[in-house]
Amino acid sequence: QFITKCDIFSLGATMYEIALQRTLPTHGEEWHEIRAGVLNPLPHISKELFDIIKIMIHPKREQRPSAEMLLRRRQLLSEEQKQLIHERNKVREANEHLAVKDARLKALIFPGRTTLTRANTLG
């Protein structure tokens, strides 16, 4: 919440610098290209990571993700967090299947059961 879009840019620039395996320029044409969102290809990192870096150093600060949004990116989750999400999805799917089977069972036990409604009565 307290991390600004400038901090996101700085972190993205640091990640880009690490991926490039060299320091970033402090001025000049390449620096202006980076500030304009033009990055050198990085074939040794995944496309997903490259896309995260690119959006983090987007020229328009309103286009940069918040720290909270970044922490939701699957590519940045720990293996434990990914496993937890996988297990939660399995539980959700099992509950959905159980609800369908429960509805089928109720239909078999109570076929043709209708909901009773009360007619208007005078008070």
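# A walk through an all-helical chain

From the N terminus on, the elements of the protein chain follow the order α-α-α-α-α. The model is a predicted one. The count is five helices and zero strands. Buried residues make up 20% of the 123 residues in the chain. The accessible surface of the protein chain amounts to about 10,100 Å², and carbon and sulfur atoms hold 57% of that area. Of the contacts with a separation of 6 or more, 45% are between residues 24 or more positions apart.

Two examples show how parts of the chain that are apart in sequence are placed in space. Met15 sits in helix H1. Its C-alpha atom is 9.6 Å from that of Ile52, with the two positions 37 residues apart in sequence numbering. Beyond residues up to four places away in sequence, Met15 touches Leu49, Ile53 and Met56. Helix H3 covers residues 47–56, and the three residues touched by Met15 carry numbers inside that range. The second example also involves Ile52. Arg73 is in the loop between H4 and H5, and its C-alpha atom is separated by 8.8 Å from that of Ile52, 21 residues away along the chain. Arg73 counts as partly exposed because its relative accessibility is 30%.

The loop after helix H1 comes next. Gln21 lies between helix H1 (5–20) and helix H2 (29–35). What is the sign of phi in Gln21? The sign is positive, with a value near 65 degrees, in a residue other than glycine. Most residues other than glycine have a negative phi. Gln21 counts as exposed because its relative accessibility is 66%.

The next residue along, Arg22, belongs to the charged pairs. A search of the whole structure finds five salt bridges, and one of them joins Arg22 to Glu30 with the closest N and O atoms 2.6 Å apart. Arg22 is partly exposed because its relative accessible area is 37%. Glu30 is also placed in the partly exposed class, because its relative accessibility is 23%, where the limit for a buried residue is under 20%.

Helix H5 holds two further pairs. Glu87 forms a salt bridge with Lys90, the closest N and O atoms being separated by 3.8 Å. The cut-off for a salt bridge is 4 Å, so this pair falls within it. Both residues are in helix H5 (residues 79–109), and the spacing of three residues is about one turn of the helix. Glu87 is partly exposed because its relative accessible area is 33%, and Lys90 is partly exposed because its value is 43%. Farther along helix H5, the side chains of Lys106 and Asp102 meet in a salt bridge at 3.5 Å, N to O. Here the spacing is four residues, again about one turn of the helix. Lys106 counts as partly exposed because its relative accessibility is 48%, and Asp102 is partly exposed because its relative accessible area is 37%.

What does Arg64 have around it, given that it is buried yet has no salt bridge? Its place is in the loop between helix H3 (47–56) and helix H4 (67–71). The nearest side chain of opposite charge belongs to Glu62, 7.9 Å away. That distance is outside the 4 Å limit, so the pair does not count as a salt bridge. The side chain of Arg64 does reach a backbone oxygen, that of His58, at 2.8 Å. Leaving aside neighbours within four places in sequence, Arg64 is in contact with Lys5, Cys6, Ile8, Phe9, Arg35, Ile55, Met56, Ile57, His58 and Pro59. Met56 is thus among the contacts of Arg64 and is also touched by Met15.

The last stop is a nonpolar region of the surface. Leu105, Leu108, Ile109 and Phe110 make a nonpolar surface patch of about 430 Å². Leu108 lies in helix H5, the helix that also holds Lys106 and Asp102. Leu108 counts as exposed because its relative accessibility is 68%, where the limit for an exposed residue is over 50%.

Methods
Residues numbered from 1 in each chain as written. Predicted model: local features only at pLDDT ≥ 70, side-chain atom pairs only at ≥ 80, totals over all residues. Heavy atoms only, no water. Buried < 20%, exposed > 50% of the residue type's maximum accessible area, 1.4 Å probe, protein only. Helix = DSSP H or I, 4+ residues; strand = E, 2+ residues; numbered from the N terminus. Patch = residues over 30% accessible without salt bridge, like charges linked within 9 Å, V, L, I, M, F, W, Y side chains within 5 Å. Areas by Shrake-Rupley, 256 points an atom, 1.4 Å probe, with all protein chains shown as cover. Lys, Arg positive; Asp, Glu negative; His and termini not counted. Polar contact = N/O pair within 3.5 Å; in protein donor to acceptor, adjacent residues only side chain to side chain. Contact = heavy atoms within 4.5 Å.
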